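Here are my notes on the ligand sites and pockets. Please read them with the structure open.

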Amino acid sequence: MAKKVETIGVLTSGGDAPGMNPAIRAVVRKALSQGIRVKGIYQGYKGLLNEEIEELNARSVSDTISKGGTILYTARCSEFRTKEGQDEGAEICRKHGIDGLVVIGGDGSFKGAQQLAARGINTIGVPGTIDLDIACTDYTIGFDTAVNTAMDAIDKVRDTSTSHERCSIIEVMGRNAGYIALWCGIANGAEDILLPEQYDYDEQILINNIINNRKRGKKHHIIINAEGIGHSTSMARRIEAATGLETRATILGHLQRGGSPTCRDRVYGSMMGAMAADLLIAGKTNRVVAYKNGEYVDYDIDEALAMQKELPEYMVRVAKAMQI
Ligand code: ADP
Ligand code: F6P
């Protein structure tokens, strides 16, 4: 028979993402509504090892659904990558009576969760990252807010780029994945989109595109460059030298991670957080919540981490067709 969970811990780990607060709130309230105690662990695995743990009640998460960032703070913790750190983490959970844990974060954070599950702490992962780079799920909490923030910023750069008839390279986040770049590339009508999954580093193609588009009467040339390719500033210098067109680089950076979560991130955060609490209450462990083909589902963490994700090929082709 499944072990009954009495106290659920919740932490956020890795890069913060808008929508983490709705997810935390949902874990807390779903668990409390079923008579389960909840403890918040501050600063991810680092805070777990430092025992920054506090009991949460329904009011602890009042007025948080619209807030960006994470009220539990987050961190990266190299100590937790070691066996000693993981043993200590599991011991600390036991010491605080935490027999179920929700880890909100990305793939790295799920690897930590996997280790705690292997040490007898029932653990569920919730996908929280702006990067959309978790293979088992079609959606990760934070992506929608981040792409909308980036889209608004790129619209503004486009205004000034058109006024000066310039080429603008705008670098967006995404770690090694090109989802933010692809979505913004379509939403902002970019002339070129550089995706780490496909980029061949042939700048001559870019230079030819810029020259040809100018001949076709385009007043600006917007290049969305993904962080995984990077080097936007030096790329701008080389393009300016080769085309004779004034070229500027803008690196959007961490502004993409902030701000009040969109409706989508509040709802997905709430649904995924609540589902994580339900899975723990049902005695499940070593699972990750996902949204796949229009449904909320859960996968074994080991299976989820072994899955591969590819950019949607048709979307890439449509984006290219829009660039003429
Ligand atoms: P994300 O969760 O967004 O992918 P990171 O890759 O930075 O972010 O991982 C967040 C944290 O998860 C790390 O700082 C570390 O504490 C933990 N972590 C990452 N990889 C592992 C691993 N292989 N084993 C145990 N813990 C890990
Ligand atoms: O994973 C989210 C993310 O914002 C990535 O897009 C980016 O590569 C990374 O985190 C930046 O991390 P940091 O906040 O440590 O600079």
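**Ligand sites and pockets**

1. Start with Arg 81. An N or O atom in its side chain is 3.3 Å from a nitrogen atom of ligand 1. Keep in mind that this is a predicted model.

2. Two further polar contacts involve oxygen atoms of ligand 1. A polar side-chain atom of Ser 109 lies 2.5 Å from an oxygen atom of this ligand. At Gly 106 the partner is a polar backbone atom, 2.9 Å from an oxygen atom of ligand 1. On its own, ligand 1 has 550 Å² of accessible area, and the protein covers 87% of that.

3. Now the shell. Ligand 1 has 15 residues around it. Arg 76, Cys 77, Gly 106, Gly 108 and Ser 109 are the closest. By class, the shell holds three nonpolar, seven polar and five charged residues.

4. Which helix gives the most to the shell around ligand 1? Helix H4, spanning residues 107–118, does, with five residues.

5. Turn to ligand 2. Its surroundings are Arg 76, Thr 129, Ile 130, Asp 131, Met 173, Gly 174, Arg 175, Glu 227, His 254 and Arg 257. Five of these shell residues are charged, three are polar and two are nonpolar. Arg 76 deserves a look in both sites: it is listed among the closest residues to ligand 1, and it is also part of the surroundings of ligand 2.

6. The polar contacts of ligand 2 include two with side chains. A polar side-chain atom of Arg 76 lies 2.6 Å from an oxygen atom of the ligand. In the side chain of Glu 227, an N or O atom is 2.8 Å from an oxygen atom of ligand 2. Arg 175 takes part through its backbone: an N or O atom there lies 3.4 Å from an oxygen atom of ligand 2. The protein covers 77% of the 400 Å² of accessible area that ligand 2 has on its own.

7. Where do the two ligands sit? The space taken by ligand 1 is the largest pocket. The space taken by ligand 2 is the largest pocket as well.

8. How much space lies in the largest pocket? About 1000 Å³. Its lining is made of 40 residues. Gly 106, Asp 107, Gly 108, Ser 109 and Arg 175 lie nearest the centre. The elements that give two or more residues to this lining are H4 and helix H10 (301–306).

9. H4 comes up again here. With seven residues, H4 gives the most to the lining of the largest pocket. By class, that lining divides into twelve nonpolar, 16 polar and twelve charged residues.

10. The second largest pocket holds about 300 Å³ of space. It is lined by 16 residues, and Asp 192, Ile 193, Leu 194, Tyr 199 and Lys 320 are the closest to its centre. Three elements give two or more residues to this lining: strand S7 (192–194), helix H7 (203–215) and helix H11 (313–321).

11. Last, the make-up of that second lining. Nine of the residues lining the second largest pocket are nonpolar, three are polar and four are charged.

How values were computed
Residues numbered from 1 in each chain as written. Chains lettered and ligands numbered in written order. Predicted model: local features only at pLDDT ≥ 70, side-chain atom pairs only at ≥ 80, totals over all residues. Heavy atoms only, no water. Near = heavy atom within 4 Å. Polar contact = N/O pair within 3.5 Å; in protein donor to acceptor, adjacent residues only side chain to side chain. Areas by Shrake-Rupley, 256 points an atom, 1.4 Å probe, with all protein chains shown as cover. 1 Å grid on protein atoms, 1.4 Å probe; cavity = no way out; pocket = protein on both sides within 12 Å on 5 of 7 lines; lining within 4 Å. Sits in = over half its atoms within 2 Å of the grid points. Helix = DSSP H or I, 4+ residues; strand = E, 2+ residues; numbered from the N terminus. Nonpolar A, V, L, I, M, F, W, Y, C, P; charged D, E, K, R; others polar. Points joined across faces, edges and corners; volume = space filled by probe spheres on them.
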